[in-house]
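User: Hello! I am new to this structure and would like a close look at a single part. Could you walk me through the salt bridges?

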Amino acid sequence: MRLLFVGPPGAGKGTQASKVAERLGIPHISTGEMFRDQVARRTALGQKVEAIMAAGDYVPDDVTVAMLGERLAQEDAASGFILDGFPRTAAQVESLDRLIGEDGLDSVVVIAVDQGELEERMLARGRPDDTPETIRNRFDVYTEQTQPLLDVYDHRGVTVSVDGMGEIDEITDRILSALSRAS
């Protein structure tokens, strides 16, 4: 099963991607973790990423896709994977399509969480950059950038929306149930 997890900041998509990946026996591939791994291993790509991030810039899509291609070629991803963190925009969907094909994903799991609940969750974390204003801005940016991506995947008929409210294990069960109905 080849999946993409999408959700606003604070929705728990990384937590759910890890739990679902474990249950399905496939790797959870987070672009952030990929970047950190490449940097730690001092690969050529890792050195390029390190320089980009040190300058405070975003890693360009072509570099991310090159890393993702390398990661998806590893043996543990042969029977499936869960992507988390890429693609985030319609332009990145095109980049991913070139890598795995337009029909490369079986499902796009959209973790839906009420904006008010997200604000409460994120404020409860107590991080200095989690203010009501910054949280609302992150949510607006997510909605603005992600809706075109969701439109593409909706058109392809692969999106599965899951209620992201409740206990972690309940949400995991909802995702697995939704995926079994979708396949």
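Analyst: Happy to help; here is a walk through the salt bridges, with a short look at the sheet afterwards.

Please keep in mind that this is a predicted model. By the rule used here, the count comes to 13 salt bridges. As general background, side chains of opposite charge can pair when their charged atoms come close.

Let us start with helix α1 and helix α8. Lys19 and Asp169 meet through their side chains in a salt bridge, at 3.1 Å from N to O. Lys19 belongs to helix α1 (residues 13-24) and Asp169 to helix α8 (residues 168-182), so this pair ties together parts that are 150 residues apart in sequence. How exposed are the two partners, Asp169 and Lys19? Asp169 has a relative accessibility of 47% and counts as partly exposed. Lys19 is partly exposed too, with a relative accessible area of 29%.

A salt bridge also joins Asp173 and Arg23, whose closest N and O atoms are 3.1 Å apart. Here Asp173 sits in helix α8 and Arg23 in helix α1, so the pair again ties together parts that are 150 residues apart in sequence. Asp173 is partly exposed, its relative accessible area being 40%. Arg23 counts as exposed, because its relative accessibility is 52% and the cut-off for exposed is over 50%.

Now to another place in the chain. Arg156 and Asp97 form a salt bridge in which the closest N and O atoms are 2.5 Å apart. This pair links distant parts of the chain: Arg156 lies in helix α7 (residues 132-156) and Asp97 in helix α5 (residues 90-100), 59 residues apart. Arg156 is partly exposed at 27% relative accessibility. Asp97, at 14%, counts as buried, because buried means under 20% relative accessible area. Which residues make up the network of salt bridges here? Asp97, Glu102 and Arg156 are linked in it.

Finally, here is the sheet, for orientation. Five strands form an open sheet with parallel pairing, in the order β2-β3-β1-β4-β5. Its edge strands, β2 (28-30) and β5 (159-163), each pair on one side only. On average, neighbouring strands of this sheet are turned by 25° against each other, direction ignored. At the β2 edge, three bridges join β2 to strand β3 (residues 81-84), and the two run parallel. Ile29 stands opposite Leu83 in β3. Helix α2 (residues 31-40) lies across β2 and β3, running at about 75° to β2.

Definitions and conventions
Residues are numbered from 1 along each chain as its sequence is written. This is a predicted model: local features need pLDDT of at least 70, side-chain atom pairs count only at pLDDT 80 or more; totals for chains, interfaces and linings use all residues. Side-chain values use heavy atoms; hydrogens and water are left out. Two strands pair if DSSP finds at least two bridges between them. Helices (H or I, at least four residues) and strands (E, at least two) are DSSP runs, numbered from the N terminus. Axes are lines fitted to C-alpha atoms, for helices over the stretch in contact, and angles run from 0 to 180 degrees between N-to-C directions. Contact means heavy atoms within 4.5 Å. A salt bridge is a side-chain nitrogen of Lys or Arg within 4 Å of a carboxyl oxygen of Asp or Glu. Buried means under 20% relative accessible area, exposed over 50%, partly exposed in between (1.4 Å probe, protein chains only).
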